[in-house]
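Hi,

Here is the structure I promised to pass on. Have a look at it first, and then read my notes below.

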Amino acid sequence: MKKLKLDHELAEMVLRGEKTTTWRLFDDKDLTVNDEVVLVDKVDPERPQTWKVIGTGRINKIVEKRIGDIDDADYEGHEPHELPEARLAAYRRYYGENVTWDTPVKIIRFDFTPGAPDNAIPDEPIVRKLIGEKVVVYADGGSRGNPGPSACGYVLLDEQGEILVDKGVYLGITTNNQAEYQGLKFALEEARAMGAREVAVRLDSLLVINQMKGTFRVKNRDLWPVHDSIKKIAASFRKVSYTHVPRELNKLADAAVNRVLDEQVKG
């Protein structure tokens, strides 16, 4: 189930029944009407271990506008809390200087049901807080069968080489290339959540590296959605670089993939 993370003030308003809308730029989750999403309260944005699931929302309406076209009616009776110029500045602080008056924003309205569903799992804590603005990302993915049981793994390091995040995610039945892409997507989402502004991506998949650089076309239609999602996430950073590395230099991310797949076999 997809997740929407809310700041604490908005989450409290949702719980009180005062608000059932949220705004999103660069919708990497490809949200659509009738999607059911888990709503997560980021109680303390700097401490993911405090985040908690408050309930679920079923999306009943999505309105997409350019930031410059937003008007008071879009607040659905709530007083606008900031001037347009301040709103644009706030978006730029979070998503990067690429945000302009022409950048599209999705206004998402939902029906709220309190309480965590059985399959709702809050985000795992970040291992270490990021000091500075730069991270190095190693990501990998693998499929035992291609297609077959698949997982991705990603490791984030700071500029001193200290590990910030080391995670693996089971993806179900998919292909090697899809798993590779998902590893990169998860890693960039994590980097953005940590507040990174510059990301150095290092992968052993020459295909993914060249497709993200634009050197190769993405011919496989199954990869189009995740490729587009990654491009949108990448646009929220000040800088993202892509470097191909040999597999022996990507051992940590590879280990995360195999750790998850081995656990699936044992389970």
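What follows is a short tour of the salt bridges, one helix with its neighbouring loop, and one strand with its partners.

Before anything else, please keep in mind that this is a predicted model.

Salt bridges first. The count comes to 15 salt bridges, and I picked out a few to walk you through.

Start with lysine 2 and aspartate 35, whose side chains meet in a salt bridge at 3.1 Å, N to O. Lysine 2 belongs to strand β1 (residues 2-7), while aspartate 35 sits in the loop between β2 (21-25) and β3 (36-42), so this pair ties together parts that are 33 residues apart in sequence. Is each partner buried or exposed? Lysine 2 counts as partly exposed, at 31% relative accessibility, whereas aspartate 35 is buried, at 17%. The cut-off behind that is simple: a residue is called buried under 20% relative accessible area.

Next, look at glutamate 189 and lysine 185, with a salt bridge of 3.2 Å, N to O, between their side chains. This one stays inside a single helix: the two residues are 4 apart in α3 (residues 176-193), about one helical turn. An α-helix has 3.6 residues a turn, so residues three or four places apart point the same way. Both glutamate 189 and lysine 185 are buried.

The third pair is arginine 247 with aspartate 204, where the closest N and O atoms of the salt bridge are 3.4 Å apart. This pair links distant parts of the chain, 43 residues apart: arginine 247 is in the loop between β10 (239-244) and α6 (251-266), and aspartate 204 is in the loop between β9 (198-203) and α4 (206-213). Arginine 247 is partly exposed, with a relative accessible area of 46%, but aspartate 204 is buried, with 12%.

Now to α4 and the loop before it. Serine 205 has its place in the loop between β9 and α4. Serine 205 is buried, with a relative accessible area of 9%. Which residues does serine 205 touch, leaving aside those up to four places away in sequence? The answer is Glu180 and His244. Moving into the helix, you will find Val208, Ile209, Asn210, Gln211 and Met212 buried in α4. Among the elements that cover the buried residues of α4 are α3, β9, α5 (224-234) and β10. After α4 comes glycine 214, with a positive phi near 90°.

Last stop: strand β6 (residues 134-143). Here 9 of the 10 residues are buried, so β6 is largely enclosed by the rest of the structure. How do its partners run, parallel or antiparallel? β6 and β9 run parallel, joined by 6 bridges. β6 and β7 (residues 148-157) run antiparallel, joined by 8 bridges. To find these pairings on screen, try lysine 134, whose bridge partner in β9 is glutamate 198, and glycine 142, whose bridge partner in β7 is alanine 151. The hairpin of β6 and β7 has 4 residues between the strands, and there glycine 145 takes a positive phi near 135°.

One thing brings us back to the salt bridges: Lys134 and Glu198 also turn up in a network of them, linked with Glu133 and Arg238.

Happy browsing, and tell me what catches your eye.

Cheers

Notes
Residues numbered from 1 in each chain as written. Predicted model: local features only at pLDDT ≥ 70, side-chain atom pairs only at ≥ 80, totals over all residues. Heavy atoms only, no water. Salt bridge = Lys/Arg side-chain N within 4 Å of Asp/Glu carboxyl O. Buried < 20%, exposed > 50% of the residue type's maximum accessible area, 1.4 Å probe, protein only. Contact = heavy atoms within 4.5 Å. Pairing = 2+ DSSP bridges.
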